[in-house]
Amino acid sequence: MAEPLSAQRPVSIAESELYFLIARYLSTGPCHRAAQVLVQELEQWQLLPKGLDWEGNEHNRSYEELVLSSKHVAPDRLLQICQRISPIKKKEIPPSISRVASFFGAGRQSLLLTAKGNLI
């Protein structure tokens, strides 16, 4: 079995929040079993965002604890973020084909393209 990511290197806050948002999104759709497996792995490898106690010490949180402490984060938050990306990108670099917005774009259609035309 491969070594878990958390054993290889520290997981960034962005990565741990993304893992949480993916699990949260999957939990309310047709892939709820996939969400359950993902949550088990996230907890097992301690990949969820950490909590801070009143003394400022970090501690691991369960998925349920994170859901309860993040009630402002809707299950479809990841989808909402994705839906906001395209209009922001269109303002920075107009699409070469109007009305075509995809996360799978390549070259000039890539969401990873900067205003200077370089890929991130």
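# A tour from the chain end to the largest pocket

Begin by selecting Ala 106, which counts as exposed because its relative accessibility is 59%, where over 50% is the cut-off for that class. Ala 106 is found in the segment after α5, and if you add Leu 119 to the selection you will have two residues that are 13 positions apart in sequence, with their C-alpha atoms 9.7 Å apart in space. Keep in mind throughout the tour that this is a predicted model.

**The whole chain**

Now zoom out and colour by secondary structure, which comes to five helices and two strands for the protein chain. Followed from the N terminus, the elements run α-α-α-β-β-α-α, with the two strands written one after the other in that order. If you colour by accessibility instead, 20% of the 120 residues count as buried. Among the contacts in the chain with a separation of 6 or more, 34% are between residues 24 or more positions apart.

**Two helices that cross**

Next, select α2, which spans residues 13-27, together with helix α5, residues 77-92. In general, two packed helices are described by the angle between their axes and the distance between the axes. The axes of α2 and α5 come within 8 Å and cross at roughly 110 degrees, and the two helices are therefore roughly perpendicular to each other, since 65 to 115 degrees is the range for that description. To see where they touch, show the side chains of Leu 18, Leu 21, Ile 22 and Tyr 25 on α2, and those of Arg 77, Leu 78, Leu 79 and Ile 81 on α5. The residues of this contact divide into seven nonpolar, no polar and one charged.

**The largest pocket**

Where should you look for the centre of the largest pocket? Select Val 11, Ile 13, Ser 16, Lys 50 and Glu 58, which lie nearest the centre among the 13 residues of the lining. The elements that give two or more residues to that lining are α2 and β1, the latter covering residues 51-52. The pocket has a volume of about 250 Å³, and by class its lining has six nonpolar, five polar and two charged residues.

Two of these central residues deserve a separate look. Val 11 is found in the loop between α1, residues 5-8, and α2, and Val 11 is partly exposed, with a relative accessible area of 24%. Ile 13 has its place in helix α2, and with a relative accessible area of 63% Ile 13 is exposed. Draw a distance from the C-alpha atom of Ile 13 to that of Leu 47, and you will find a separation of 9.4 Å for residues that are 34 positions apart along the chain.

**A positive phi**

For the last stop, draw a second distance, from Val 11 to Gln 46: these residues are 35 apart in sequence, and C-alpha to C-alpha they are 9.4 Å apart in space. Gln 46 lies in the loop between α3, residues 32-44, and β1. What is the sign of phi at Gln 46? Phi is positive there, at about 55 degrees, although Gln 46 is not a glycine. Most residues other than glycine have a negative phi, and this background is worth recalling when you inspect the backbone at this point. With the surface switched on, Gln 46 counts as partly exposed, because its relative accessibility is 46%, and partly exposed residues fall between the 20% and 50% cut-offs.

Key. Residues are numbered from 1 along each chain as its sequence is written. This is a predicted model: local features need pLDDT of at least 70, side-chain atom pairs count only at pLDDT 80 or more; totals for chains, interfaces and linings use all residues. Side-chain values use heavy atoms; hydrogens and water are left out. On a 1 Å grid over the protein atoms alone, a cavity is a set of points where a 1.4 Å probe fits but cannot get out, and a pocket is an open set with protein on both sides within 12 Å along at least five of seven lines; lining residues have an atom within 4 Å of a point. Grid points are joined across faces, edges and corners, and a volume is the space filled by probe spheres set on the points. Helices (H or I, at least four residues) and strands (E, at least two) are DSSP runs, numbered from the N terminus. Ala, Val, Leu, Ile, Met, Phe, Trp, Tyr, Cys and Pro count as nonpolar, Asp, Glu, Lys and Arg as charged, and the others, Gly among them, as polar. Buried means under 20% relative accessible area, exposed over 50%, partly exposed in between (1.4 Å probe, protein chains only). Axes are lines fitted to C-alpha atoms, for helices over the stretch in contact, and angles run from 0 to 180 degrees between N-to-C directions. Angles under 35 degrees count as roughly parallel, over 145 as roughly antiparallel, 65 to 115 as roughly perpendicular and the rest as oblique. Contact means heavy atoms within 4.5 Å.
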